[in-house]
Amino acid sequence: MRQTKALMLCITSAIALSACEKSQDGEVTRALKGVNVIDESNLSDIMLTAADPNEAVTYFQRTLAENPDRIDLQRGLGVSLVRAKRATEGTIIWKRVTEHEDATHDDQMSYADALIRTGDWDKAEKALDSVPPTIETFQRYKLEAVIADSNKEWKKADSFYETAVGLTTAPGSILNNWGYSKLSRGDYRDAERLFGEAITYDSNLFTAKNNLILARAAQKNYTLPLVQVTQVERAQLLHTMALAAIKQGDTDTGKDLLEQAIETHPQYFEAAVRSLKKLDG
């Protein structure tokens, strides 16, 4: 009898211990799962900012294949495709995101942005029109400005650009876009001003520096502006100015600027040398 009781006690203890171990295993699994979610979230953030765009695309494609319904991964893939200059694929993903039950107005704007990059202006405008007018964000007005530009609705474009500038603390890129809009209309003086402002907010924005040269050259001003540039950038800007001068019939000025560009560049400036040889030929 005592042996039976002892046996039962051992079995009960074993069952309790087994249950305890299973419980602990479950808690450990849940804890590790939580850690994995945090690690994955951090990795996704890194992929969206620091990683090579095509590597990010591969990461999100692989992770999304394992979790096809997760909208955050779909968004990550959409962003990465656009960053990798694969906007056509990006539009497909962003369209899928907008159809998700957890989609937001921001997703609709990202879809419109991807469509703009593919040149599908009609679809982009429709996508943006589906966002309620009460949504007044920087992204909204930036896209509205670009679409107004494409429709040559200049007053609307200027209004949207101005509003967008006021909604961000880093307006360098939007000022550059606004300046390019003015440049395309032939309003060179205003374009020059806007490019100059863009550079004051972001001194590394080479596109704005290059556009500034084009705006000045269009006014027959063939001197470099007082902006911070590297030696390589200075050579590239001289090359841009030279080509603009030649295009406007100021051949001698253009030739002189090409020679300056070649002399300024710390290495062999093939593009400028080729332009000069073509001019001499």
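Colleague: Val273 sits in helix H14, which covers residues 270-280. Is Val273 buried or exposed, and how do you know?

Modeller: Keep in mind that we're looking at a predicted model. The cut-off for buried is under 20% relative accessible area. Val273 has 12%, so it counts as buried.

Colleague: Which residues is Val273 in contact with, once you leave aside its neighbours within four places in sequence?

Modeller: Ile262 and Tyr268. A contact needs heavy atoms within 4.5 Å, so each of those pairs passes that test. There's also a pairing to spot along the chain: Val273 and Leu258 are 15 residues apart in sequence, yet their C-alpha atoms lie 7.7 Å apart in space.

Colleague: Now Asp158. What makes this residue count as buried or exposed?

Modeller: Same style of reasoning. Asp158 has 18% relative accessibility, and the limit is under 20%, so Asp158 counts as buried. You'll find Asp158 in helix H8, residues 154-165. Beyond its neighbours within four places in sequence, Asp158 is in contact with Trp178, Lys182 and Arg185.

Colleague: And why is Asp72 put in the class it's in?

Modeller: Exposed needs over 50%, buried needs under 20%, and partly exposed is what lies in between. With 38% relative accessibility, Asp72 falls in between, so it's partly exposed. This residue belongs to helix H3. From C-alpha to C-alpha, Asp72 is 9.2 Å from Ser44, although 28 residues separate them in sequence.

Colleague: What makes the link between the side chains of Asp72 and Arg70 a polar contact?

Modeller: The distance is part of it. A pair of N or O atoms has to be within 3.5 Å, and the side chains of Asp72 and Arg70 are joined at 2.7 Å. That's inside the limit, so the distance test is met.

Colleague: Let's zoom out. How many helices and strands are there in the protein chain?

Modeller: 14 helices and zero strands. Of the 281 residues in the chain, 36% are buried. And when you take contacts between residues at least 6 apart in sequence, 45% of them join residues at least 24 apart.

Colleague: How do you know whether the length of H7 agrees with what a helix should span?

Modeller: You multiply 1.5 Å by one less than the number of residues. For the 13 residues of H7 that gives 18 Å, and the end C-alpha atoms are 19 Å apart, so the two agree. Residues buried in H7 include Tyr141, Leu143, Ala145 and Ile147. Their cover includes H5, H6, H8 and helix H9 (172-185). Just after H7, Lys152 has a positive phi of about 60 degrees.

Colleague: What about H5: what span does it reach, and what is expected?

Modeller: H5 has 14 residues and reaches 20 Å from its first C-alpha to its last, close to the expected 20 Å. Among its buried residues are Met109, Tyr111, Leu115 and Ile116. The buried residues of H5 pack against H3, H4, H6 and H7.

Colleague: What caps the N-terminal end of H5?

Modeller: Thr104 does: one of its side-chain oxygens lies 3.3 Å from the backbone nitrogen of Asp106. The limit for a polar contact is 3.5 Å, so that distance fits. Just after H5 comes Gly119, with a positive phi of about 85 degrees.

Colleague: Which residues touch the most other members of the largest nonpolar core?

Modeller: Met47, Phe60, Leu77, Trp94, Leu128 and Leu143, out of 28 residues in that core. H5 gives the largest share, six residues. Apart from this core lies another one of 20 residues, including Tyr161 and Ala191.

Colleague: Last topic, the largest pocket. How do you find empty space at all?

Modeller: You roll a probe the size of a water molecule over the atoms, and that shows where space is left empty. Here the largest pocket holds about 170 Å³. Its lining includes Arg75, Val79, Trp94, Asp107 and Arg117.

Colleague: And what makes a residue part of the lining, and which element gives the largest share?

Modeller: A lining residue has an atom within 4 Å of a point of the pocket. The largest share, five residues, comes from H5.

Key: Residues numbered from 1 in each chain as written. Predicted model: local features only at pLDDT ≥ 70, side-chain atom pairs only at ≥ 80, totals over all residues. Heavy atoms only, no water. Core = buried A, V, L, I, M, F, W, Y, C linked by side-chain atoms within 4.5 Å. Buried < 20%, exposed > 50% of the residue type's maximum accessible area, 1.4 Å probe, protein only. Helix = DSSP H or I, 4+ residues; strand = E, 2+ residues; numbered from the N terminus. Polar contact = N/O pair within 3.5 Å; in protein donor to acceptor, adjacent residues only side chain to side chain. 1 Å grid on protein atoms, 1.4 Å probe; cavity = no way out; pocket = protein on both sides within 12 Å on 5 of 7 lines; lining within 4 Å. Points joined across faces, edges and corners; volume = space filled by probe spheres on them.
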